[in-house]
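This report looks at the covalent and charged links of one protein chain, and then turns to its surface and its pocket.

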Amino acid sequence: MSAAGVITSQQTAARSRVAVLVAVLAGVLLVVGAVGLRFYEPLTWNGYVGPGGTGATLVDDPIFGSAAVLDGPAGSTATVVYSVRNDGHLPVTVFAPGADRTPDDIVDVRWAPVLGPGNTFGGVRPDPEATSMRVGPGEEVAMWVTVTKSSCGPGVTTTLDVVPIRWGLFGLTKVQQFELSPKGPPPLVLCKA
């Protein structure tokens with residue numbers, strides 16, 4: 001065997017080791033990223049809520065807190081707009097509607113720029129064909145939540161206190177449970193006894 005043949009074999013072995021090492025490191029990074037994404041929830045309420053049209057009344061109770069109460073009969077829809085901020089250090093992409101629907105399909109989540117013409121909150125009603133929106137670190141967007149009112153039994157109060165929102169980072173997707181509470185982003189009261 002010639003010296004050139006030994007060097008070529010050594011180079012081939014070294015390249016194989018490097019390729020295996022790169023593949024292992026990529027796998028480790030993917031696992032670490034997936035685990036990190038499991039606990040990473042950068043989207044938070046930014047302190048504003050407003051009606052996105054008719055069908056909901058914002059109620060503020062000094063004892064029980066705020067809520068958005070749906071006014072219409074069963075089957076009617078109402079939209080409430082929440083300000084949502086990316087408090088994380090990385091840009092994320094929020095998606096609509098897809099996986100952000102609840103199992104009952106009574107909630108539709110859409111995204112729009114936070115300010116519209118004349119600096120009005122919520123911008124304009126989101127394009128129903130829009131599928132995603134990028135939200136950089138520290139940026140704010142308007143989350144338009146449209147709810148279809150279910151039938152209400154006598155003396156029954158039904159409240160929607162979680163809106164699942166789907167977002168992505170580095171090609172991975174997560175559904176974050178955006179909690180609504182009387183002392184935070186107001187919940188949606190579908191039926192009020």
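The structure holds one disulfide, a term used here for a pair of cysteine sulfur atoms within 2.5 Å. The model is a predicted one, in which local features need pLDDT of at least 70 and side-chain atom pairs count only at pLDDT 80 or more, while totals for chains, interfaces and linings use all residues. Residues are numbered from 1 along each chain as its sequence is written, and side-chain values use heavy atoms, with hydrogens and water left out.

The disulfide joins Cys152 to Cys191, and its link is left-handed, with -75° about the S-S bond. Distant parts of the chain are linked by this pair, 39 residues apart, since Cys152 lies in the loop between strand E8 (140–148) and strand E9 (158–160) and Cys191 in strand E12 (residues 188–191). Helices (H or I, at least four residues) and strands (E, at least two) are DSSP runs, numbered from the N terminus.

Three salt bridges are found in a search of the whole structure, each being a side-chain nitrogen of Lys or Arg within 4 Å of a carboxyl oxygen of Asp or Glu. One of them pairs Lys174 with Glu41, and this pair also links distant parts of the chain, 133 residues apart, with Lys174 in strand E11 (residues 172–179) and Glu41 in the loop between H1 and strand E1 (43–51).

| Link | Residues | Distance |
|---|---|---|
| Disulfide | Cys152 and Cys191 | S to S 1.8 Å |
| Salt bridge | Lys174 and Glu41 | closest N and O atoms 3.5 Å |

The largest pocket (an open set of points on a 1 Å grid over the protein atoms alone, where a 1.4 Å probe fits, with protein on both sides within 12 Å along at least five of seven lines) has a volume of about 210 Å³, the volume being the space filled by probe spheres set on the points, which are joined across faces, edges and corners. Its lining residues, each with an atom within 4 Å of a point, include Asp61, Phe64, Thr157 and Lys192. Strand E3 (65–70) and strand E2 (56–61) are the elements that give two or more residues to this lining, and E3 gives the most, with four residues.
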